[in-house]
Structure formats: structure tokens, C-alpha cells
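I opened the notebook today to look up aromatic ring pairs and strand pairing in this chain. My entries follow the display.

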Amino acid sequence: DGQKIHHVVPRAARDVPMSMHYVFSNLCGTVYRQGNLLFSPDGNMLYSAVGNRVACFDLVQSRSFTFPFEARRNISRLALSPDGTILIAADDEGHLLL
């Protein structure tokens with residue numbers, strides 16, 4: 001083979017340091033403003049903060065739902081237990097929901 005592959009990088013992109021942080025502006029039709037994304041331990045589910053609610057996306061079955069609880073303020077951080085059975089949501093004021 002011996003072929004070289006050349007990647008063309010736009011000039012503006014060359015001046016920006018590479019980062020592994022991504023910004024989502026729209027996730028499955030809902031506006032994503034803050035918070036983190038979590039994958040379930042098996043990688044089949046994706047959890048996302050949407051305002052003061054938490055949405056769950058089943059990546060295998062192509063379904064989504066929103067959990068029935070609401071935080072007082074927008075959710076800023078999600079955490080999941082190692083076995084995936086407990087979801088913790090923290091809002092902007094530091095209140096936790098289990």
C-alpha cells in the first residue's frame with residue numbers, strides 16, 4: 001500500500017488546542033444546558049439532566065423517558081452507583097435527589 005493519508009485542517013481549527021470536552025447544544029430534541037452525561041455500567045442507557053428533570057435514553061431499544069421526579073432548581077450533576085441501581089441528582093443549590 002504505502003499510501004499516505006493527508007488530513008486537511010481548516011486554519012481556524014489549527015489554532016485551537018485539542019480538547020476532549022464536548023458541548024451538546026441539542027440532545028434527542030431537548031435543549032441541553034448544563035450537567036454531565038452518564039452511561040449505565042452496561043453502556044445501554046444514557047442519563048442526561050434536562051433542566052430540573054432527568055431523562056433516560058435506552059440506546060438499544062431506541063426509547064427515552066423522563067423520570068417522574070423534579071428538583072427544585074436545574075440539575076447540575078448526576079452520579080450513578082457502580083451497579084447502576086441508584087441515581088443521584090444534585091441541583092444548582094446543592095440539594096440531592098436519590
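Which residues do ring pairs link into a cluster? I am working from a predicted model, and in it I find that Y47, F65, F67 and F69 are joined in this way.

Entry on the rings. I counted three aromatic pairs. For Y47 and F67 I noted ring centres 6.3 Å apart and planes at 25 degrees, and because planes under 30 degrees apart count as stacked, I entered the pair as stacked. This pair links distant parts of the chain, since Y47 sits in strand β4 (residues 45-50) while F67 lies in the loop between β6 (63-66) and β7 (75-80), 20 residues apart. I then took F65 and F67, whose ring centres are 5.0 Å apart with planes at 70 degrees, so I recorded that pair as edge-to-face.

Entry on exposure. I looked up Y47 and found 9% relative accessibility, so it counts as buried, whereas F65, at 40%, counts as partly exposed.

Entry on the strands. I moved on to β8 (residues 87-91), which is mostly covered, with four of its five residues buried. I found that β7 and β8 run antiparallel and are joined by five bridges, and that L78 has A89 in β8 as its bridge partner. On the other pairing, β8 and β9 (residues 96-97) are antiparallel over two bridges, and here A89 has L97 in β9 as its bridge partner.

Entry on the hairpins. Between β7 and β8 there are six residues, and G84 in that hairpin takes a positive phi near 80 degrees. Between β8 and β9 there are four residues, and in that hairpin I noted G94 with a positive phi near 90 degrees.

Definitions and conventions. Residues are numbered from 1 along each chain as its sequence is written. This is a predicted model: local features need pLDDT of at least 70, side-chain atom pairs count only at pLDDT 80 or more; totals for chains, interfaces and linings use all residues. Side-chain values use heavy atoms; hydrogens and water are left out. Rings of Phe, Tyr and Trp (its six-membered ring) pair if their centres lie within 6.5 Å; planes under 30 degrees apart count as stacked, over 60 as edge-to-face and the rest as tilted. Buried means under 20% relative accessible area, exposed over 50%, partly exposed in between (1.4 Å probe, protein chains only). Two strands pair if DSSP finds at least two bridges between them.
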